[in-house]
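The exercises below are to be worked with the sequence and the coordinates open. Each task is followed by a solution in steps.

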Amino acid sequence: MSPLCFQVNPAKLNLRISALDIRRINYSSKKPSSGDYLQQSLVPTMHYQKSLPRLPIPNLEDTMRRFLAAKRPLLSDHQFRTTEKIAQDFLNGVGRELHKELVAKDKINKHTSYISGQGLYCHLYGLRDLALSKDQELHSLYTDYDLDHFTLSTSTVPNLSFRMVVFAPDVPDGFGLHYCLHDNTISYSTTSYLDGSHQEFNRCVYKSLEDIFTVLEEKPFS
């Protein structure tokens, strides 16, 4: 088992797509107007939405612990200590009050979910939106940190018919990572607008995959 990788600069992506003769293929639940659709679905995308189980609201302590764990690799020691204080103040103050209100609203409104996924930011978004709906001043957890600034954007398209898939970074100083699992291989592509950082990021991804393979194959680390 081994990783295969592509490195792509999104600024040059259109040129590379043309050079590789990659076709853009669409999906639709409506009758296609041309032959460009790979597959026509019979059931509308949101048809089974009401039958899905409701998503539970996570424990606030767990969310803040995951928030700090996500921030740690991106901050200096001094910045992280400051972030810890801000997170603790939020947890012990307005954050806890907002969390109680969010849980109460969730119990009343059984027809929907107040968060849209298990990602740690989904919980924080719910608390932020609740504060905004009350015209409440936002805590420094939101004003000092841009929760919409996703340094790493990842996803997968498990379709072997595509020769290459890439995801562009969400932010100018971020990274994009697409991965696809095969029988004996993991293929992935990394993207960044920053050439130097891109090479280092790609090296780290490759090393991480090698470590995973070492564990799966029960080999000792070198």
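**Exercise 1. Check the length of helix α3 against the expected rise per residue.**

Solution. The coordinates are those of a predicted model. Helix α3 covers residues 77-92, which is 16 residues. The expected span is 1.5 Å times one less than the number of residues, so for α3 it comes to 22 Å. The end C-alpha atoms of α3 are 23 Å apart, which agrees.

**Exercise 2. Find the buried residues of α3 and state how they are placed around the axis.**

Solution. A residue counts as buried under 20% relative accessible area and as exposed over 50%. By this cut-off the buried residues of α3 are F80, T83, I86, A87, F90 and L91. Viewed down the axis of α3, these buried residues fall within an arc of 135°, so they line one face of the helix. The background is that an α-helix has 3.6 residues a turn, so residues three or four places apart point the same way. On the face of α3 turned away from the buried side are the exposed residues H78, K85 and N92.

**Exercise 3. Repeat the analysis for α4.**

Solution. Step one is the length: α4 (residues 94-108) has 15 residues and reaches 22 Å from its first C-alpha to its last, close to the expected 21 Å. Step two is burial: G95, L98, H99, L102 and D106 are buried in α4. Step three is the arc: seen down the axis of α4, the buried residues fall within 105°, so they line one face of the helix. Step four is the other side: the face of α4 turned away from the buried one carries the exposed residues K100, K107 and I108.

**Exercise 4. Do the same for α2, and describe the cap at its N-terminal end.**

Solution. With 12 residues, α2 reaches 17 Å between its first and last C-alpha, close to the 16 Å expected. Buried in α2 are L60, T63, M64, F67, L68 and K71. They cover an arc of only 135° around the axis, which puts them on the same side of α2. The exposed residues R65 and A69 are on the face of α2 turned away from its buried side. The N-terminal end of α2 is capped by N59, where a side-chain oxygen lies 2.8 Å from the backbone nitrogen of E61.

**Exercise 5. Characterise the largest pocket by volume, lining and residue type.**

Solution. The volume of the largest pocket is about 620 Å³. Its lining has 20 residues, of which A70, L74, F150, T151 and L152 are the closest to the centre. By type, the lining divides into 13 nonpolar, four polar and three charged residues. By element, α2, α5 (120-133), β4 (152-156), β5 (175-181) and α7 each supply at least two residues of the lining. The most comes from β4, which gives three residues.

**Exercise 6. Is N202 buried or exposed, and which side chain does the side chain of N202 contact?**

Solution. N202 lies in helix α7 (residues 195-216). Its relative accessibility is 7%, and because buried means under 20%, N202 counts as buried. The side chain of N202 makes a polar contact with the side chain of T190, at 3.2 Å.

**Exercise 7. Classify C180 and D135 as buried or exposed.**

Solution. C180 lies in strand β5. With a relative accessible area of 4%, C180 is buried. C180 and M164 are 16 residues apart in sequence, and their C-alpha atoms are 9.8 Å apart in space.

D135 lies in the loop between α5 and α6 (140-143). At a relative accessible area of 73%, D135 is exposed. The phi angle of D135 is near 55°, a positive value in a residue other than glycine. For reference, most residues other than glycine have a negative phi.

**Exercise 8. How many helices and strands does the protein chain have, and in what order do the elements run?**

Solution. The protein chain has seven helices and six strands. From the N terminus on, the order is β-α-β-β-α-α-α-α-α-β-β-β-α. Of the 222 residues of the chain, 32% count as buried.

Key
Residues numbered from 1 in each chain as written. Predicted model: local features only at pLDDT ≥ 70, side-chain atom pairs only at ≥ 80, totals over all residues. Heavy atoms only, no water. Helix = DSSP H or I, 4+ residues; strand = E, 2+ residues; numbered from the N terminus. Buried < 20%, exposed > 50% of the residue type's maximum accessible area, 1.4 Å probe, protein only. Arc of directions from axis to C-beta. Polar contact = N/O pair within 3.5 Å; in protein donor to acceptor, adjacent residues only side chain to side chain. 1 Å grid on protein atoms, 1.4 Å probe; cavity = no way out; pocket = protein on both sides within 12 Å on 5 of 7 lines; lining within 4 Å. Points joined across faces, edges and corners; volume = space filled by probe spheres on them. Nonpolar A, V, L, I, M, F, W, Y, C, P; charged D, E, K, R; others polar.
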